[in-house]
Amino acid sequence: MKKIGIMLVEDHNVFREGLKKLIDMEENMQVVAEADSCAAALQNVGPNVDVILLDIGLPDGDGLDLCERVVQSHPHVKFVALTTYDDVTFIRKAMERGVHGFVPKYAFFDEIRSAINMVYKGGTYLYPGLQAELLLKPDSPVLTDQETSILQLIARGEDQKEVAAKLYISLSTLRRRIRGICTKLGVRTLEEALAAAARRGLVR
């Protein structure tokens, strides 16, 4: 059985070591890389990393910026944020930048395990308190103007190269935006995202 390759990006050594021991006890996952900063993470991430367990606040930079840089070279990597933030606006911003799961630092390991398994399989994991808060605000804007434009252009029959050209972004950036749209809407494919957007009246 292939084990899920985990990279720990956390600057608190004791916390990181504790997580490593717990993860390595799991049958289906193992820690394959560690880092205590953005710079070290970029240097140590490799093709054997499937999921990055990420502290958002790192000493040399923003963990969200790190997400975008890692995805450029390792597009298969998924991210679970270990965070002290529970602000919905911040969570939406993080999802736009490619984060697939959110777990508070005070959570039990069972929750971290569930998040890793969920995002590895292509899903999105929100811890219960956050999920409830998001559901209480169903009318809050989810997609940015650019993301809405992407869906509208594709719904009109434009292919991805044409959409990227019209929005003055690269094809790789467009694909990252589409992944972010799918994450926000809680779907797995572009087709499902278009259907969800249509139900919300964002596209016709």
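Let's start at a spot you can't reach from outside: Ala193 is buried, and its relative accessible area is 0%. Keep in mind that this is a predicted model. Ala193 sits in helix 10, which covers residues 190-199. Setting aside neighbours within four places in sequence, Ala193 makes contact with Leu151, Ile181, Cys182, Leu185 and Val187. Leu151 is 42 residues away along the chain, yet the C-alpha atoms of Ala193 and Leu151 are separated by 8.1 Å.

**Stepping back**

How many helices and strands does the protein chain have? There are 10 helices and eight strands. The chain has 204 residues, and buried ones make up 48% of them. Take the contacts with a separation of 6 or more: 62% of these involve residues 24 or more positions apart.

Six of the strands form an open sheet, with parallel pairing and the order 2-1-3-6-7-8. At its edges are strand 2 (29-35) and strand 8, each of which pairs on one side only.

**Strand 7 and its neighbours**

Strand 7 takes in residues 101-104. Are its residues buried or exposed? All are buried, with Gly101 and Val103 pointing one way and Phe102 and Pro104 pointing the other way.

On one side, strand 7 is joined by four bridges to strand 6 (residues 78-83), and the two run parallel. Pro104 is the bridge partner of Thr83 here. Strand 7 also has two bridges to strand 8 (residues 125-126), again running parallel. In that pairing, Gly101 is partnered with Tyr125. Helix 5 (residues 109-120) joins the picture too: strand 7, helix 5 and strand 8 make a left-handed β-α-β unit.

**The nonpolar cores**

The largest nonpolar core has 48 residues, and within it Ile52 and Leu53 touch the most other members. Not counting residues up to four places away in sequence, Ile52 touches Met7, Val9, Val45, Val70, Val77, Lys78, Phe79 and Val80. There is also a second, separate core of 19 residues, and Val163, Ile169, Val187 and Val203 are among them. Val187 came up earlier as one of the contacts of Ala193.

**Two arginines in helix 9**

Helix 9 spans residues 171-185 and holds Arg176. Arg177 lies in helix 9 as well.

Arg176 is buried yet has no salt bridge. Which side chain of opposite charge is nearest to Arg176? That is Glu68, 5.4 Å away. Leaving out residues up to four places away in sequence, Arg176 touches Val71 and Gln72.

Arg177 counts as partly exposed, with 21% relative accessibility. Beyond its neighbours within four places in sequence, Arg177 is in contact with Glu68, Gln146 and Ile150. Arg97 is 80 residues from Arg177 in sequence, while their C-alpha atoms are 8.4 Å apart.

**Salt bridges**

The structure holds eight salt bridges. Here are some of them, with the N to O distance for each.

| Side chains | N to O distance |
|---|---|
| Glu10 and Lys105 | 3.1 Å |
| Lys20 and Asp24 | 2.9 Å |
| Lys166 and Glu158 | 2.5 Å |

Let's take the pair of Glu10 and Lys105. Glu10 lies in the loop between strand 1 (4-9) and helix 1 (13-24), and Lys105 in the loop between strand 7 and helix 5, so their salt bridge ties together parts that are 95 residues apart in sequence. Glu10 is buried at 2% relative accessibility, whereas Lys105 is partly exposed at 24% relative accessible area. What network do Glu10 and Lys105 belong to? Salt bridges with shared partners join Glu10, Asp55 and Lys105 into one network.

The pair of Lys20 and Asp24 sits within one helix. These residues are four apart in helix 1, so about one helical turn separates them. Lys20 is partly exposed, with a relative accessible area of 24%, and Asp24 also counts as partly exposed, at 32% relative accessibility.

As for the pair of Lys166 and Glu158, Lys166 counts as partly exposed, with 45% relative accessibility.

How values were computed: Residues numbered from 1 in each chain as written. Predicted model: local features only at pLDDT ≥ 70, side-chain atom pairs only at ≥ 80, totals over all residues. Heavy atoms only, no water. Buried < 20%, exposed > 50% of the residue type's maximum accessible area, 1.4 Å probe, protein only. Pairing = 2+ DSSP bridges. Right-handed = clockwise from strand over helix to strand, strands pointing away. Core = buried A, V, L, I, M, F, W, Y, C linked by side-chain atoms within 4.5 Å. Contact = heavy atoms within 4.5 Å. Lys, Arg positive; Asp, Glu negative; His and termini not counted. Salt bridge = Lys/Arg side-chain N within 4 Å of Asp/Glu carboxyl O.
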